[in-house]
Amino acid sequence: MFVRALYPGSFDPVHNGHIDIATRAARIFDEVIVGVYDMPKKKLLFDVDERLGMATEAFKEFGNIRVAKFSGFTVDYARQVSATVLVRGLRVFSDFEFEFRMGLANKKLAPEIETVSIMTDDKHIYISSSTIREIAELAGDVSSMVPPFIGDALSKRFAELKANQNSPGYMYSIRD
């Protein structure tokens, strides 16, 4: 039986933790679709096409991982692409509560779709897209957290924002 999984997220930007979860899921499932959500309820640094392009580049070496953008309910998109599993990554304890509630809601909306959570490798436990964005905004070194082309894209974007005297203004800050 062929099993297709959907790994949804905003991927703003995709980082080594995302890559780790997706590639490990690809060892479990026949195909993994990395679904780049087009309109998450958060402040984005990159638009959906930029995020899609970065994710496509990040996963180009993996034969059973493909990247696509989507909108609307995740479970509706999973049904559209015939995915029977949603893959979620867990880093810290607070992720569990959020993912548990989300998994229960998705199960109510789509009882035929299972949610599988994969715990991050301990070397990625501190990595989040928001932390990476903030470090990069302050010209910090993110080379251990993202592929080189993502680091370049972050540097370029923050140079553009600084030239226009704009800052994304994060809700949580490692500066405090």
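**Figure 1. Strand β4 in the predicted model.** In this predicted model, β4 is mostly covered, with 5 of its 6 residues buried. On one side, β4 runs parallel to β5, and 6 bridges join the two strands. Leu86 has Thr115 of β5 as its bridge partner, and Arg88 stands opposite Ser117 in β5. β4 also runs parallel to β1, to which it is joined by 2 bridges. Here Leu6 is partnered with Leu86 of β4. Leu86 therefore appears in both pairings, with Thr115 as partner in β5 and as the partner of Leu6. The connection from β4 to β5 passes through helix α4 (residues 93–109), and the three elements make a right-handed β-α-β unit.

**Figure 2. The five-stranded sheet.** The sheet is open and has 5 strands in the order β3-β2-β1-β4-β5, with parallel pairing. Its edge strands, β3 (65–70) and β5 (114–119), each pair on one side only. Neighbouring strands are turned against each other by 30 degrees on average, direction ignored. Strands of a sheet pair through backbone hydrogen bonds, in a parallel or an antiparallel arrangement. Towards the β3 edge, β2 and β3 pair in the parallel sense over 6 bridges.

**Figure 3. Helices lying across the sheet.** Helix α1 lies across β1, β2, β3, β4 and β5, and runs at about 125 degrees to β5. Helix α2 lies across β2 and β3, and its direction makes an angle of about 175 degrees with β3.

**Figure 4. The largest nonpolar core around Val87.** The largest nonpolar core has 37 residues, and Val87 and Leu154 are those with the most contacts inside it. Two or more residues of this core come from each of β1 (4–9), α1 (16–28), β2 (31–37), α2 (48–58), β4 (85–90), α5 (129–137) and α6 (148–163). Which residues is Val87 in contact with, leaving aside its neighbours within four places in sequence? They are Ala5, Leu6, Tyr7, Pro8, Ile21, Ala25, Phe29, Val116 and Ile118. Apart from the largest core lies another, of 12 residues, including Ala68, Phe70, Val81 and Ala83.

**Figure 5. Tyr37 and Phe70 between β2 and β3.** Tyr37 has Phe70 of β3 as its bridge partner. The side chains of these two residues also form an aromatic pair: the ring centres are 5.2 Å apart and the planes stand at 50 degrees, so the pair is tilted. A pair of aromatic rings is described by the distance of the centres and the angle of the planes. Because Tyr37 lies in strand β2 and Phe70 in strand β3, the pair ties together parts that are 33 residues apart in sequence. Are the two residues buried or partly exposed? Tyr37 counts as partly exposed, at 23% relative accessibility, whereas Phe70 is buried, with a relative accessible area of 4%. The limit for buried is under 20% relative accessible area, so Tyr37, at 23%, falls outside it. Tyr37 and Phe70 form one aromatic cluster with Tyr77. The count of aromatic pairs in the model comes to 5.

Terms used. Residues are numbered from 1 along each chain as its sequence is written. This is a predicted model: local features need pLDDT of at least 70, side-chain atom pairs count only at pLDDT 80 or more; totals for chains, interfaces and linings use all residues. Side-chain values use heavy atoms; hydrogens and water are left out. A nonpolar core is a set of buried Ala, Val, Leu, Ile, Met, Phe, Trp, Tyr and Cys residues joined through side-chain atoms within 4.5 Å. Buried means under 20% relative accessible area, exposed over 50%, partly exposed in between (1.4 Å probe, protein chains only). Helices (H or I, at least four residues) and strands (E, at least two) are DSSP runs, numbered from the N terminus. Contact means heavy atoms within 4.5 Å. Two strands pair if DSSP finds at least two bridges between them. Axes are lines fitted to C-alpha atoms, for helices over the stretch in contact, and angles run from 0 to 180 degrees between N-to-C directions. Rings of Phe, Tyr and Trp (its six-membered ring) pair if their centres lie within 6.5 Å; planes under 30 degrees apart count as stacked, over 60 as edge-to-face and the rest as tilted. A crossover is right-handed if, with the strands pointing away from the viewer, the path from the first strand over the helix to the second runs clockwise.
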